[in-house]
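Hi,

Here is the model I promised to pass on. Have a look at it first, and my notes follow underneath.

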Amino acid sequence: MRFFDLTCRLASKLLVEQRGRRLGLRERISAALHLRVCLMCRRYDNQLNIMDKAIGRWKSYREGPESDEK
Amino acid sequence: MQMALQADFELHCNKIGALRMPRPALRWRTRATLPFRPLVSMPDNFALQIEALQPQLLRFARNQLRNDAWAEDAVSETILAALEKPQSFTGRSQLKTWLVGILKHKIVDQLRRHRREATVLTNDDSEDLDDLFFAADGHWREMPADWGVPEDALHQLQFVEVMEACMENLPPAQARCFLMREWLEFSADEVCAELAITANNLWVLLHRARLRLRDCLQSGWFDARRGLVG
């Protein structure tokens, strides 16, 4: 799973960073290449996308009327 | 002058009273003592509703402010602002939405006010968190599950409740960073500045928060649901 020395451990961190800052050129290339060869990290990337959507739902829940303090 | 002081004092009492003494008397006290009682007609239970939401507001504030006194101040200021300016509540949004909106501003105020004395973020996860999910050679220990496209789940109240529970279970430092980004909508630079941490610290914390959140959703929702189906 190694590519440009990028391990899944590092790739998964880069995938999170990618959602919050503009990656450097080298980082973008390694992340993209890693995703192409690594099914596990593609799965994780999909999980991150789902979490992003879920966070949106959770925010409106948190501020919305339907959540009563029990 | 005397009058102003008196009003201030009563305000102060009210502020403290709103927090410390759970009692239905808040309603008439508010109406009787606040000199700025609004002329617009408010729903009778306005103050009571605000009071009922107070524990939840406090919980939100505590997620964000490590110091309980600051969290209580942020909530007191929110309640005070709501009682002082009920006319800004148009009724178009829900009361809770309106209050949480005010609370967010008050939390940001508190963060800025106490920037200097902010507790240093401790590394609240053992260094071994990575070892939980990754082998020594950097590979995933377990294949991440295929979550597919769970559009239905995202709209289920139960899913969001699991999500909320998972957020509550994040270690404090991760929770603060994560919520500052996602809930208060701070930029990464702002979070670093507020918490006096480096960008790399921040990304490590956010990375860990995501790993934990994923793990929690996996066991709290995806596995549990499969258990029901299978």
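A term to start with: a residue is buried if 20 or more other C-beta atoms lie within 10 Å of its own, exposed if 12 or fewer, and partly exposed in between, with C-beta atoms placed from the backbone. On the bookkeeping side, residues are numbered from 1 along each chain as its sequence is written, while chains are lettered from A and ligands numbered from 1 in the order in which they are written. Keep in mind that this is a predicted model, where local features need pLDDT of at least 70, side-chain atom pairs count only at pLDDT 80 or more, and totals for chains, interfaces and linings use all residues.

Confidence in chain A

pLDDT is the predictor's confidence in each residue, from 0 to 100. For chain A the mean is 84, and 86% of the residues get to 70 or more. Among the elements of chain A, helix H1 (residues 8–18) has the highest mean pLDDT, 93, and helix H2 (residues 25–37) the lowest, 90. The usual caution holds: where pLDDT is low, the predicted coordinates should not be read in detail.

Chain B by itself

Chain B has 11 helices and 0 strands; helices (H or I, at least four residues) and strands (E, at least two) are DSSP runs, numbered from the N terminus. Of its 230 residues, 30% count as buried. Contact here means that the C-beta atoms of two residues, placed from the backbone, lie within 7 Å. Of the contacts in chain B with a separation of 6 or more, 67% are between residues 24 or more positions apart.

One packing pair inside chain B is H3(B) with H5(B), whose axes come within 10 Å and cross at roughly 40 degrees. Axes are lines fitted to C-alpha atoms, for helices over the stretch in contact, and angles run from 0 to 180 degrees between N-to-C directions. Angles under 35 degrees count as roughly parallel, over 145 as roughly antiparallel, 65 to 115 as roughly perpendicular and the rest as oblique, so H3(B) and H5(B) are oblique to each other. On the H3(B) side the contact includes Ile50(B), Leu53(B) and Phe60(B), and on the H5(B) side Leu99(B), Leu103(B) and Ile107(B) are among the residues met. By class, this contact has 10 nonpolar, 2 polar and 1 charged residues (Ala, Val, Leu, Ile, Met, Phe, Trp, Tyr, Cys and Pro count as nonpolar, Asp, Glu, Lys and Arg as charged, and the others, Gly among them, as polar).

Two backbone oddities

Glu185(B) is not a glycine, yet has a positive phi of about 60 degrees. Glu185(B) sits in the loop between H9 and helix H10 (188–195) of chain B and is exposed, with 10 other C-beta atoms within 10 Å. Ala196(B), also not a glycine, has a positive phi of about 50 degrees. Its loop is the one between H10 and H11 of chain B, and with 13 C-beta neighbours inside 10 Å, Ala196(B) is partly exposed.

Where the chains meet

31 residues of chain B are in contact with 31 residues of chain A. H11(B) gives the largest share of chain B's side, 6 residues. That side has 17 nonpolar, 6 polar and 8 charged residues.

Across the interface, helix H3 (residues 39–63) of chain A and H8(B) have axes that come within 10 Å and cross at roughly 90 degrees, so H3(A) and H8(B) are roughly perpendicular. Trp58(A) and Tyr61(A) are among the H3(A) residues in this contact, and Val160(B), Met163(B) and Glu164(B) come from H8(B).

Cheers
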